[in-house]
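Q: Please take a close look at how helices pack against one another in one chain of this model. A connected account of the geometry and of the residues involved would be appreciated.

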Amino acid sequence: MKNRFRPALAVAASVVAFAAAAPAIAGKTLDAVKQRGTVKCGVTNGVAGFSAPDTQGNWSGLDVDTCRAIAAAVLGDAKKVDFVPLNSQQRFSALQAGEIDILARNTTWTLTRDASLGFNFTTITYYDGQGFLVPKKLKVTSAKQLKNATICTQSGTTNEKNVSDYFRAQNIPVKTVVFESFEASFKAFFSGRCQAFTTDASALAGLRNKEAPNPDDYVILPELISKEPLAPLVRRGDDEWFAIAKWVPNALIEAEEFGVTQANADELKANSKDPAQQRLVGTGEDLGKLLGLDKEWSFRAIKAVGNYGEMFERNVGPKSVLKLPRGSNNLWNKGGLIYAPPVR
Amino acid sequence: MSREASRRGAWLAWVVQALLVLAVLAGAAWVVNHALEVLRSRGVRSGFDFLTEPAGFSISEGWIDFDASQPFWRAFLAGLVNTVRASVPAAIFSVVLGTLIGIGRLAPHVLLRGICTAYVELLRNVPLLVQLLMLAFAIANLLPDPTEPVRLLPGVWLSKGGLSVPWPVSVEGGWWPTHFEWPEKGDFGVSGGAALSPEYVTIVAGLSFYSAAFVAEIVRAGILSVSQGQVLAGQALGLTSVQQLRIVILPQALRVIVPSLTNQLLSLVKNSSLAVAVGYPELVSVANTTIGSNGRAFECIAIIMAVYLLLSLLISFGMNRYNARVALRGWR
């Protein structure tokens, strides 16, 4: 008789066991990262200049370098990063659920995302704006001429909303065709489905160079219709990890300002008398312990990826295929907006 | 076993079942509660209050006009209507096409039988997503540019921008159509009138072709389930082969066909969510956009689940009613 109930009891027991084993609130991210030995970094599934894998599966880009710098500072090895490619709909859930430690995925800092998703944005690593790419043969010179045009874009992005806002404000009717993946959206554009494609201007340049059948057949319109400050973000409630994610990029910016480069870091470490440089290369006062790191945290980060200017040049600037001008992304004392609070 | 013992056993069974249900419910409640607690502790806002806020994105096609200043709930409604707008024609096409192919698979003619068999084997063995992407690719590459549309008939234009036809419209704010709006060729392609977008054609055609392969097999099984004697009886009465099929075989085959067909229609509606991959703005697309803008993933997924559950229950209800009509009376 008793045997009849055994399966039922087993089910009940497993339900209780599952409930008890359900995930508890994640512990400190830094401890988890050290124990695991890698930083889990959420990136795009491929935007040239920001995060894209090459044919060997090596990731490169501005966002990728930010994660590498953090790995170098925290774990002593820039290679200890697990890159998790995420599309724009997955990215926030992945961070909320703790699948990644940091999201460095050209994500725009907005009030809603900052205040209601349980995140903290760290440091703006790229000042972008949304633009339009159109075929030259349409002879369009301004976004304001796009009346009744069809515009391709990607769903779940600020771009989709900005387009609505912009053309509504101008009282210009346009149609949008919205695709789930970035790739599907630009492929539709290049196949001729839409008369314009919209996304952040930096990505437009990459697309034109990498994906267009003939780059010279396309132009980027002059209008930038939005502010898109791109910044990495971390979960709220872990101030220690937030501080690290904030100060590693800040140190790279400060390194550019004070002339510390990948090439001269060793030499400056041996000889520099400048206190600002000494703090960056780890021979001045120990700022690392305030972050829960050692004294050479920023030295390792600079050695691994170079200072902010070098990162920019290599990934999106003159030494890259994108060849984007420094513009707003120049240092604050050179007419740009890039500004780090003092590393001291 | 005494009667006393068996009664005690039945009572015990009830108690254990009740406890089991309670344990499952308590477990589920605990998991949900725990998840909400974690979200709160991480500063994540939750709840369905966002539904009344303005959505901030627009939806470019469908039966419900939607612009960015309207609230999220209306966006979800427009998405739901778009899901139905794609699923219903696809269901009708797939049943018609599938029935013809199913009959074709039993045809005496070798070539016809071969084509129908090849259709079924090819279409049902390639993933639907792949078929959709291929269709979208074909449409994107074969049709002319929107700036150089082909004029099929006066007022009917075809291009990558879709198929545009004249459509009755009302004057601003009116309820009844007062005049026809004719599509016109502009700088950026055809505008005005009504347009079947390439995305819509892709999802309806893709779903129809794919589901038709399964419907064909269901129809074939249904026909084969009718005993050969019924055909002979039809022949004895002097019915033509078409009459045999229409009057004798298919009505009896329906008893086998309808329950399986219900399953097929259910999966067709659920498969319509793949439309998001080809740019058609249906429910899942709206939900994705919403998650991207306010991060309410739990809530949006709950809405998707509820809507598909509701649609599926409606289809089951309708098909079960139909099934009751075609079933053998004696069985009820």
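A: The following account treats two helix pairs in turn. This is a predicted model, in which local features need pLDDT of at least 70, side-chain atom pairs count only at pLDDT 80 or more, and totals for chains, interfaces and linings use all residues. Residues are numbered from 1 along each chain as written, chains are lettered from A and ligands numbered from 1 in the order written, and side-chain values use heavy atoms, without hydrogens or water.

In chain B, helix α2 (residues 72-104) packs on helix α3 (residues 110-125) with the axes 8 Å apart and at an angle of about 130°. Helices here are DSSP runs (H or I, at least four residues), numbered from the N terminus; axes are lines fitted to C-alpha atoms over the stretch in contact, and angles run from 0 to 180 degrees between N-to-C directions. α2(B) and α3(B) are therefore oblique to each other (under 35 degrees is roughly parallel, over 145 roughly antiparallel, 65 to 115 roughly perpendicular, the rest oblique). On the α2(B) side, B:L97, B:I101 and B:G104 meet B:L112, B:R113, B:C116, B:Y119 and B:V120 of α3(B), contact being heavy atoms within 4.5 Å.

The second pair is helix α6 (residues 228-236) and helix α7 (residues 241-271) of chain B, whose axes come within 10 Å and cross at roughly 155°. α6(B) and α7(B) are therefore roughly antiparallel. B:Q230, B:V231, B:G234 and B:Q235 of α6(B) make the contact with B:Q244, B:V248, B:I249 and B:Q252 of α7(B).

Methods: Helix = DSSP H or I, 4+ residues; strand = E, 2+ residues; numbered from the N terminus.
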